[in-house]
Amino acid sequence: MTDGDAIERVPTGINGFDQVAIGGLPAGRPTLVTGTTGSGKTIFAGEFLARGIARNGQTGVFVTFEEPPEAIRRNFTSLGFPIEQWEAEGKWVFVDAAESKDEEAAVVGAYDFGALTSRIEHAVRRIDASRVVLDSLGAVFARFTDTGIVRRESYRVASSLNSLGVTSIITAERNSEYDGVSRYRVEEFVVDNVIVLRNVLFQERRRRTVEIVKLRGAPHRTGEWLFTIDPREGFVVIPLAFLGMPSAPASSTRVSSGNSGLDRMCGGGFYRDAVVLLSGPSGSGKTLTSLKFLEAGVTAGERCLGFTFDETREQMRRNASGWGIDLEAMEKRGQLEVVCDYPEVASLEDYFIRIRRAVMDFQPERLVIDTLSALERIATPRALLDLVIALGAVVREHRITTLFTSAPVSRFTPVQTPSIARELASLTDVTIALRYFQAAGMIKRTVAVVQNRGSAHDEAVRQVTIDSGGMHVGAPVTTLDEMEAVGLDAPPGPGVIGDDI
């Protein structure tokens with residue numbers, strides 16, 4: 001297929017989906033959207049109509065076979081779509097195809113599809129509609145026991161929509177998440193485009209994904225993509241909804257980490273728009289470093305936002321006060337906002353939406369997420385990476401200095417970037433590793449700057465001490481025993497090594 005023969009696309013306007021579809025749905029064709037109960041079919045279909053009106057001025061017809069129009073109006077009004085106003089303006093029309101109980105009892109196993117197509121055609125011509133939604137044909141097909149009839153009538157509906165020249169969505173049910181595309185296993189064969197929505201139970205929590213099974217003749221991204229349904233923004237595909245956001249010009253301004261020794265190791269502090277990953281086991285100083293980072297921002301007159309998933313608010317305030325940091329006073333001045341929660345309270349997608357909304361509402365110059373490892377309890381590694389990718393896009397757009405912390409599975413580990421941190425390191429600008437090692441019957445700590453994009457940095461692994469005054473970065477690790485304890489290769493000759501390792 002040449003560029004001249006490229007299929008015309010209709011952008012859905014749904015957050016992140018057009019990036020999956022590489023431009024939108026093929027114009028003038030029906031698309032089957034299937035999913036189990038609660039997977040988001042009606043939201044997806046309704047947003048397709050609503051975004052078309054709001055962003056492109058394309059009128060639409062919503063054919064409902066189950067929910068009454070009043071319920072649909074109410075549900076979409078909560079997302080900010082003025083359905084009733086659009087109806088009055090001739091931009092949105094309902095076709096109520098749901099049958100009453102009396103009608104259903106009178107005509108069991110039959111349905112007048114001819115009358116239905118006539119009603120749809122009349123509604124389309126009346127408002128010159130460009131988009132049509134049928135939600136959901138499964139309510140009608142449930143009457144039929146013969147899959148041959150289901151296939152024939154599915155083809156009939158698809159053909160009538162094709163003849164109208166509209167871009168349409170037909171929703172249908174599935175019996176399970178990974179067993180066939182549709183309930184009757186024939187619907188997908190009569191349309192050119194198929195999208196599957198899933199609502200999978202993973203580790204006792206629901207996880208929604210969207211997958212494009214086919215867009216005939218049109219390229220698209222493959223695989224499952226995480227999405228959530230936000231009370232304000234509706235259907236949101238993560239992270240693709242945020243990867244197209246404009247990035248601010250890269251900053252050459254440095255800001256303090258809150259620790260003078262760490263600033264020196266990083267070549268004078270972090271760049272203002274840097275995303276920093278701090279990894280280390282429990283007790284190695286991650287939270288202390290995070291608190292000092294926030295304190296430094298407040299001292300510089302910046303607004304700071306912190307999310308912690310390991311401690312309660314009371315514990316965090318007590319621990320901070322032990323190092324002379326008054327979080328409560330900072331919050332009262334309006335310079336700091338701290339959110340303390342347990343990961344199990346919400347889904348990973350919900351946490352992303354909450355963090356992003358807090359960023360948009362509070363408009364901080366610094367952000368701390370302590371710790372990403374806690375979120376591993378409620379998500380797959382792939383989903384957590386998607387979260388970091390999406391958050392990275394958000395903070396880079398607003399030039400927010402961001403500090404992520406991560407912990408390894410084992411308290412004593414020779415790996416420099418442990419657990420999920422190994423995967424996240426490629427997504428961040430600065431990677432700092434805190435570690436333990438044993439020497440002379442004592443536990444000692446070290447810090448190393450593993451990477452610092454666009455900047456020179458100290459390559460030494462340095463000893464660290466923590467007392468009531470905070471964290472103190474000391475001399476490099478030099479002895480052979482210490483080097484082996486922290487997983488470093490010994491130098492080629494005898495003796496000790498200097499600052500450059």
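The exposed surface of the protein, taken from a predicted model, comes to about 21,300 Å², and 49% of this area is supplied by carbon and sulfur atoms. Of the 501 residues, 55% are buried. The secondary structure consists of 18 helices and 22 strands. Among contacts between residues at least 6 apart in sequence, 69% join residues that are at least 24 apart.

Confidence in the model was examined along the chain. The average pLDDT is 84, and 83% of the residues score at least 70. The pLDDT falls below 50 over residues 410-419, a stretch that has 28 contacts in the model beyond near neighbours in sequence. Residues 489-501 also have a pLDDT under 50. For this second stretch, the model has 22 contacts beyond four places in sequence.

One open sheet is formed by 9 strands in the order β5-β4-β6-β7-β3-β8-β9-β10-β11, with mixed pairing. Its edges are β5 (92-96) and β11 (234-237); each has a single partner strand, so one side of each is left without a neighbour in the sheet. On average, neighbouring strands of this sheet are turned by 25° against each other, direction ignored. Within the sheet, β4 (residues 60-64) and β6 (residues 131-135) pair in the parallel sense, over 5 bridges. Valine 61 has valine 132 in β6 as its bridge partner.

Helices pack on this sheet. Helix α2 (residues 41-56) lies across several strands, including β3 (30-35), β7 (167-173) and β8 (193-202), and runs at about 165° to β6. Helix α14 (residues 348-362) touches β9 (205-215) and β10, and its direction makes about 60° with that of β10.

A further open sheet of 9 strands has the order β16-β15-β17-β18-β14-β19-β20-β21-β22, and the pairing is again mixed. Here β16 (336-340) and β22 (470-476) stand at the edges; since each has a single partner strand, one side of each is left without a neighbour in the sheet. From one strand to the next, the twist averages 20°. Strands β17 (residues 366-370) and β18 (residues 401-406) run parallel and are joined by 4 bridges. In this pair, leucine 367 stands opposite threonine 402 of β18. Helix α12 (residues 313-322) packs on the sheet and touches β15 and β16, with its direction at about 130° to that of β16. Helix α14 lies across β15, β16 and β17 and runs at about 165° to β15. Helix α14 therefore has contacts with strands of both sheets: β9 and β10 in one, and β15, β16 and β17 in the other.

Threonine 308 gives a local view of the sheet that contains β15. This residue is found in strand β15 (residues 304-308). Its relative accessible area is 1%, and because the cut-off for a buried residue is under 20%, threonine 308 is classed as buried. Not counting residues up to four places away in sequence, threonine 308 touches Met316, Val339, Cys340, Asp341 and Asp370. With aspartate 370 there is a polar contact, in which the side chain of threonine 308 reaches the backbone oxygen of aspartate 370 at 3.2 Å.

Technical notes. Residues are numbered from 1 along each chain as its sequence is written. This is a predicted model: local features need pLDDT of at least 70, side-chain atom pairs count only at pLDDT 80 or more; totals for chains, interfaces and linings use all residues. Side-chain values use heavy atoms; hydrogens and water are left out. Helices (H or I, at least four residues) and strands (E, at least two) are DSSP runs, numbered from the N terminus. Buried means under 20% relative accessible area, exposed over 50%, partly exposed in between (1.4 Å probe, protein chains only). Contact means heavy atoms within 4.5 Å. Accessible areas come from the Shrake-Rupley method with a 1.4 Å probe; for residues, only the protein chains shown count as cover. Two strands pair if DSSP finds at least two bridges between them. Axes are lines fitted to C-alpha atoms, for helices over the stretch in contact, and angles run from 0 to 180 degrees between N-to-C directions. pLDDT is the predictor's confidence in each residue, from 0 to 100. A polar contact is a pair of N or O atoms within 3.5 Å; within protein, one must be able to donate a hydrogen and the other to accept it, and residues adjacent in sequence count only if both atoms are side-chain atoms.
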